[in-house]
Amino acid sequence: ASGGPLSNELRVGDSVVTTFIMPCGTCPSCVSNNEDICDTFFSQNRLKGSLYDGSPRLSLPDGSPLYQYSMGGMAEYSVMPANAAYVMPPAVKAMGTDASIVGCALFTAYGAVKNAGALRPGAR
């Protein structure tokens, strides 16, 4: 992993887990603690296959753009906003390549509990 200018936690070589929905951190949904419905993600990545400035970062051998959907969770390399990647704790890293499902499975379960279950901090 390599963190961009908005990331002070990621370092080259870190093993990371990524979120399926890559929050921009600045849209109305993100700033109201609803990163899972990030407006920018849905308008740029989901609908256009681009990153948040509207351009792809990857290309095919002939130079034509390679658009991506979401963060490429099973890919060896991916380009995504830094706030969509989290350094894996040692216990998760010890799982090896099977840890790649954490970004989808864990966050999907969290989203279901938070949204469908309407669970809030301190609730029982």
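Rings of Phe, Tyr and Trp (its six-membered ring) form a pair if their centres lie within 6.5 Å; planes under 30 degrees apart are called stacked, over 60 edge-to-face, and the rest tilted. By this rule the structure holds 1 aromatic pair. The partners are Phe41 and Phe42, with ring centres 5.0 Å apart and planes at 85°, so the pair is edge-to-face. This is a predicted model: local features need pLDDT of at least 70, side-chain atom pairs count only at pLDDT 80 or more, and totals for chains, interfaces and linings use all residues. Residues are numbered from 1 along each chain as its sequence is written, and side-chain values use heavy atoms, with hydrogens and water left out.

Now the overall layout. The protein has 4 helices and 4 strands. Both are DSSP runs, numbered from the N terminus: helices are H or I with at least four residues, strands are E with at least two. From the N terminus on, the order is β-α-α-β-β-β-α-α. Contact here means heavy atoms within 4.5 Å. Among contacts with a separation of 6 or more, 48% join residues 24 or more positions apart.

Next comes burial. A residue is buried under 20% relative accessible area, exposed over 50%, and partly exposed in between (1.4 Å probe, protein chains only). Of the 124 residues, 26% count as buried. The two ring partners fall into separate classes: Phe41 is buried at 0% relative accessible area, while Phe42 is partly exposed at 27%.

Phe41 also belongs to the largest nonpolar core. Such a core is a set of buried Ala, Val, Leu, Ile, Met, Phe, Trp, Tyr and Cys residues joined through side-chain atoms within 4.5 Å. This one has 8 residues in all: Ile21, Met22, Cys24, Cys27, Cys30, Cys38, Phe41 and Ala84. In soluble globular proteins, nonpolar side chains tend to be buried together. Take Cys38 as a way in. Leaving out residues up to four places away in sequence, Cys38 touches Ile21, Met22, Pro23, Cys24, Cys27, Ser29 and Cys30.

Between helix H1 (28-31) and H2 runs a loop that contains Asn33. Asn33 is partly exposed, at 49% relative accessible area. Its phi is near 65°, a positive value in a residue other than glycine. Most residues other than glycine have a negative phi.

Helix H2 spans residues 39-48 and includes Lys48. Lys48 is exposed, at 53% relative accessibility. Beyond four places in sequence, Lys48 contacts Ser43 and Tyr67. Lys48 and Gln68 are 20 residues apart in sequence, yet their C-alpha atoms lie 8.6 Å apart in space.

Gln68 appears again in the lining of the largest cavity. On a 1 Å grid over the protein atoms alone, a cavity is a set of points where a 1.4 Å probe fits but cannot get out, and lining residues have an atom within 4 Å of a point. Grid points are joined across faces, edges and corners, and a volume is the space filled by probe spheres set on the points. There is 1 cavity of 30 Å³ or more. The largest cavity holds about 50 Å³ of space. Its lining is Gly49, Ser50, Leu51, Pro56, Arg57, Leu58, Leu66, Gln68 and Val79.

Finally, look past helix H4 (102-116), where Leu119 sits in the segment that follows. Leu119 is partly exposed, at 38% relative accessibility. Setting aside residues up to four places away in sequence, Leu119 touches Val113 and Lys114.

Definitions and conventions. 1 Å grid on protein atoms, 1.4 Å probe; cavity = no way out; pocket = protein on both sides within 12 Å on 5 of 7 lines; lining within 4 Å.
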